[in-house]
Amino acid sequence: MNILILGSGGREHTFAWKISQSKNCTNLFVAPGNAGTAQLATNLPLGINDFEAIGKAVKEHQIEMVIVGPEEPLVLGIVDFFKKDKFLKKIKIVGPDASGARLEGSKDFSKGFMQKYNIPAGVSQTFTKETLQEGLQYLDKQSLPIVLKADGLAAGKGVIIAETKSDAQKALHEMLTEAKFGDASSKVLIEQYLSGIELSVFVLTDGKNYKILPEAKDYKRIGVNDKGLNTGGMGAVSPVPFADAEFLAKVEERIVKPTLDGLQAEGIKYVGFIFVGLMNVDGEPFVIEYNARMGDPETEVVFPRIKTDMVKLMKATADGKLDKIKLSINPKVAIATVSVAKGYPEDYRKGDVMQIPEAEKDTIIFHAGTKIATDGSVVTNGGRVIVTTGMARTLNSARKKSQLMAKKIIFDEKYFRSDIGKDLLKHIEK
């Protein structure tokens, strides 16, 4: 098959790496891609939300399957765009339509969905600029800390955890009256804070059948020991030691099945990935959020553990035949360390020349924010620049491989967290 992957980050390089290993892939394209995908595929200089140009490229390159990496084109309705076109509606596309992508595109919708289908989650209420006073009164009655979430897409930055009432009131004001997160915060959810340990479970569904992919835990804060500003993710680990068979069975029965049943009851034919962000509260799973795509950098630890042919898996998803596929998982531990540019997650540098050695045994290098300069050198082109995944039988060995590879990549004022996975060692019986 001729296949197109949409996106330009570490997630999309991982998709390309996995798909390029399949004998069922004839020609691989990535739009717009990065310096890493250029080694495996043909990069097409297209914007991920330029549906007309994407449709044109699909026809020109005789693409037979499209895999959508990021959330924005899904929320904006790329699947609906394909379905409306006489030619494009025949193309296999992995990703939900706009009605399904609301699980991520609207926190208000997803919270209402959880309540309607009795999916365990924190208690919340939604407020707008017009109901600001009611929101302030609601805050007065809540216990601390409290969570405020922008309703729409805010590039992973629309969540504030307020430790004091005054901080919460100030945040609500800024989000609703000063549009702190633009249109994304025209509605704000005030949500109960859940205390526990976070992880994510990934589901692949064809609209009826589903497969649960390996779970992962990511590290959001910029600083060691989860200090400092929130980021898009500084590293990830899979499998997660505290997510035992009993806990994952609860996730499947209480969350995955009711979610898929609920989507069907709503008349939503959801095709693609559902990322379920969870909090493990004393062994009980609660949903923090849904995303309508794979996570990043979680993909960089989940996909290397999938042994099943990725093209067969994606095709079965698009064709509604996931029940015909056997999902085979590598028992090894995978750990990813993200190296970032100076200044990230605030203003950061771009254009620094990189030296990237060959990956060593049981390590994989995934490009995230990179591009090829006019002179042919690889330069930094994003906040999160490159991801090094290490695989081993033990968590500690995988950690060492991932970190050692991160040290060997060179660009000016590179930074990475030295503690990815370290906190999980205590969960492993000696």
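In strand β3, the residue that serves as bridge partner of V30 is N43. This pair belongs to the contact between β2 and β3 (residues 42–43), two strands that pair in the parallel sense over two bridges. The description that follows concerns a predicted model, and it begins with the sheet to which these strands belong.

The sheet is open and is formed by five strands in the order β3-β2-β1-β4-β5, with parallel pairing. Its edge strands are β3 and β5 (92–94), each of which pairs on one side only. Within the sheet, β1 (residues 2–7) is joined to β2 (residues 27–32) in the parallel sense over six bridges. In this pairing, G7 stands opposite P32 of β2. Between the two strands the chain passes through helix α1 (residues 10–19), and the resulting β-α-β crossover is right-handed. Strand β1 also runs parallel to β4 (residues 65–68), to which it is joined by four bridges. Here L4 is found opposite V66 in β4.

Helices are packed on this sheet. Helix α11 (residues 310–319) touches β1, β4 and β5, and its direction makes about 100 degrees with that of β5. Helix α1 lies across β1, β2 and β4 and runs at about 165 degrees to β1. Helix α1 is mostly covered, since 10 of its 10 residues are buried. Among these buried residues are the nonpolar F15, A16, W17 and I19, but also R11, E12, H13 and K18.

The interior of the model was examined next. In soluble globular proteins, nonpolar side chains tend to be buried together. In the present model, the largest nonpolar core has 57 residues, and those with the most contacts inside it are L4, I54, V58, V66, I78 and F82. Helix α9 (residues 245–265) gives the most to this core, contributing six residues. Two of the residues with the most contacts in the core, L4 and V66, are also the residues that stand opposite each other in β1 and β4. The surroundings of V58 illustrate the packing: when residues up to four places away in sequence are not counted, V58 touches L4, I63, V66, F82, F87, L88 and I91. Apart from this core lies another, of 46 residues, which includes L213, A334, I364 and F366.

Helix α9 also contains K250. With a relative accessibility of 17%, K250 falls under the 20% limit and therefore counts as buried. Beyond residues up to four places away in sequence, K250 touches I255, G283, E284 and P285.

The packing of one pair of helices was also considered. Two packed helices are described by the angle between their axes and the distance between the axes. The axes of α5 (residues 98–105) and α6 come within 6 Å and cross at roughly 95 degrees. Angles of 65 to 115 degrees count as roughly perpendicular, and α5 and α6 are therefore roughly perpendicular to each other. The contact involves R102, L103, E104 and G105 on the side of α5, and K107, F109, S110 and F113 on the side of α6.

Finally, the backbone shows several local features in its loops. Most residues other than glycine have a negative phi, and most peptide bonds are trans. Two peptide bonds that precede proline depart from this pattern. The bond from D296 to P297 is cis, with omega near 25 degrees, and P297 lies in the loop between β17 (284–291) and α10 (299–302). The bond from Y344 to P345 is likewise cis, with omega near 10 degrees. The position of P345 is in the loop between β18 (333–340) and β19 (363–367).

The loop between β18 and β19 also holds D362. This residue is not a glycine, yet its phi is positive, near 65 degrees. At 26% relative accessibility, a value between the limits of 20% and 50%, D362 counts as partly exposed. A positive phi, of about 55 degrees, is also found at N118, which is not a glycine either. N118 is located in the loop between α6 (107–116) and β6 (124–128). Because its relative accessibility of 67% is over the 50% limit, N118 counts as exposed.

Definitions and conventions
Residues numbered from 1 in each chain as written. Predicted model: local features only at pLDDT ≥ 70, side-chain atom pairs only at ≥ 80, totals over all residues. Heavy atoms only, no water. Core = buried A, V, L, I, M, F, W, Y, C linked by side-chain atoms within 4.5 Å. Buried < 20%, exposed > 50% of the residue type's maximum accessible area, 1.4 Å probe, protein only. Contact = heavy atoms within 4.5 Å. Pairing = 2+ DSSP bridges. Right-handed = clockwise from strand over helix to strand, strands pointing away. Axes fitted to C-alpha atoms, helices over the stretch in contact; angles between N-to-C directions. Parallel < 35°, antiparallel > 145°, perpendicular 65-115°, else oblique.
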